[in-house]
Amino acid sequence: MSTPNGKGQRKSMNIDLNSDIGSQLVVHKNISQEIVIVNIDRMKLILQDHHAKLKRNTDWINPLAIFIALLLADLTATFDTNFLGIKSAVWEAIFILLTIVAGIYLLISLINLCRKGSTIDDVLDQLKEHAKNSEETEA
């Protein structure tokens with residue numbers, strides 16, 4: 001390394017890494033590796049399962065929106081006129097039934113949300129388990 005002096009020339013400076021920073025340097029080694037060999041079909045199945053479990057995290061949003069929309073329609077509609085030849089009492093009953101069905105759909109979605117999801121460690125464990133089972137069947 002060099003530094004410029006006042007005349008535009010560089011002055012040379014030597015740095016000895018061992019003596020300058022070697023005594024203060026701490027090196028941590030982590031070079032052990034785990035290798036998992038698995039066929040592509042099994043990998044696809046495991047990743048599809050993981051994707052389905054992740055998708056459950058947002059599956060409750062649409063049932064909630066449908067339930068809220070139907071509930072608001074039930075609460076605010078007057079159902080005092082016939083429409084399309086169907087009596088107002090029938091329309092009211094249809095909306096109440098649809099609201100109940102949407103509520104059941106929302107409950108099912110929330111129950112699915114509470115089930116255990118999938119993490120990256122779960123995926124890796126499934127891959128390792130499959131590799132271990134493959135080794136045992138080959139032996």
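The 27 residues of α4, at 1.5 Å a residue, should span 39 Å, and because the end C-alpha atoms of this helix are 39 Å apart, the expected and computed values agree. This helix belongs to a predicted model, in which the protein chain has 5 helices and 2 strands, arranged along the sequence in the pattern β-β-α-α-α-α-α. The points below begin with the chain as a whole, then turn to helices α3 and α4, to the loop between them, and to the salt bridges.

**The chain as a whole**

- Of the 139 residues in the protein chain, buried residues make up 14%.
- When contacts in the protein chain are restricted to residues at least 6 apart in sequence, 65% of them join residues at least 24 apart.

**Helix α4**

- Helix α4 covers residues 88-114, with Ser88 among its members.
- The buried residues of α4 are Ser88, Trp91, Thr99, Ala102, Gly103, Leu106 and Ser109, and what covers them includes α3.
- Phe95, which is also placed in helix α4, has a relative accessibility of 23% and therefore counts as partly exposed, since the partly exposed class lies between the limits of 20% and 50%.

**Helix α3**

- Helix α3 takes in residues 61-76, and its 16 residues should span 22 Å at 1.5 Å a residue, a value with which the 23 Å between its end C-alpha atoms agrees.
- The buried residues of α3 are Pro63, Leu70 and Asp74; because they cover an arc of only 45° around the axis, they sit on the same side of α3.
- What covers these buried residues of α3 includes α4, just as the cover over the buried residues of α4 includes α3.
- On the other side of α3, Leu75 and Thr76 are exposed.
- Leu75, whose place is in helix α3, counts as exposed because its relative accessibility is 64%, the limit for that class being over 50%.
- The C-alpha atoms of Leu75 and Ile96 are separated by 9.9 Å, with the two residues 21 residues apart along the chain.

**Phe79, Phe95 and Ser88**

- The count of aromatic pairs comes to 1; this pair is formed by the rings of Phe79 and Phe95, whose centres are 5.6 Å apart and whose planes meet at 55°, so the pair is classed as tilted.
- The pair links distant parts of the chain, with Phe79 in the loop between α3 and α4 and Phe95 in helix α4, the two being 16 residues apart.
- The angle is needed as well as the distance because a pair of aromatic rings is described by the distance of the centres and the angle of the planes.
- Phe79 has a relative accessibility of 16% and so counts as buried, the limit for that class being under 20%.
- Phe79 also takes part in a link to the side chain of Ser88, one polar atom of which lies 3.1 Å from the backbone oxygen of Phe79.
- Once neighbours within four places in sequence are left aside, Ser88 is in contact with Phe79, Asp80, Thr81 and Asn82.
- Ser88 has a relative accessible area of 18% and is therefore buried.

**Salt bridges**

- The structure holds 2 salt bridges.
- One of them joins Lys53 and Asp49, with the closest N and O atoms 3.5 Å apart; both residues lie in helix α2, which covers residues 40-55, and they are 4 residues apart, about one turn of the helix.
- Both partners of this bridge fall in the partly exposed class, because Lys53 has a relative accessibility of 24% and Asp49 has a relative accessibility of 31%.
- In another salt bridge the side chains of Lys55 and Asp59 meet, at a distance of 3.2 Å from N to O.
- Lys55, with a relative accessible area of 45%, is partly exposed, and Asp59, with a relative accessibility of 31%, likewise counts as partly exposed.

Conventions:
Residues are numbered from 1 along each chain as its sequence is written. This is a predicted model: local features need pLDDT of at least 70, side-chain atom pairs count only at pLDDT 80 or more; totals for chains, interfaces and linings use all residues. Side-chain values use heavy atoms; hydrogens and water are left out. Buried means under 20% relative accessible area, exposed over 50%, partly exposed in between (1.4 Å probe, protein chains only). A polar contact is a pair of N or O atoms within 3.5 Å; within protein, one must be able to donate a hydrogen and the other to accept it, and residues adjacent in sequence count only if both atoms are side-chain atoms. Contact means heavy atoms within 4.5 Å. The expected span of a helix is 1.5 Å times one less than its number of residues. The arc is that of the directions from the helix axis to the C-beta atoms. Rings of Phe, Tyr and Trp (its six-membered ring) pair if their centres lie within 6.5 Å; planes under 30 degrees apart count as stacked, over 60 as edge-to-face and the rest as tilted. A salt bridge is a side-chain nitrogen of Lys or Arg within 4 Å of a carboxyl oxygen of Asp or Glu.
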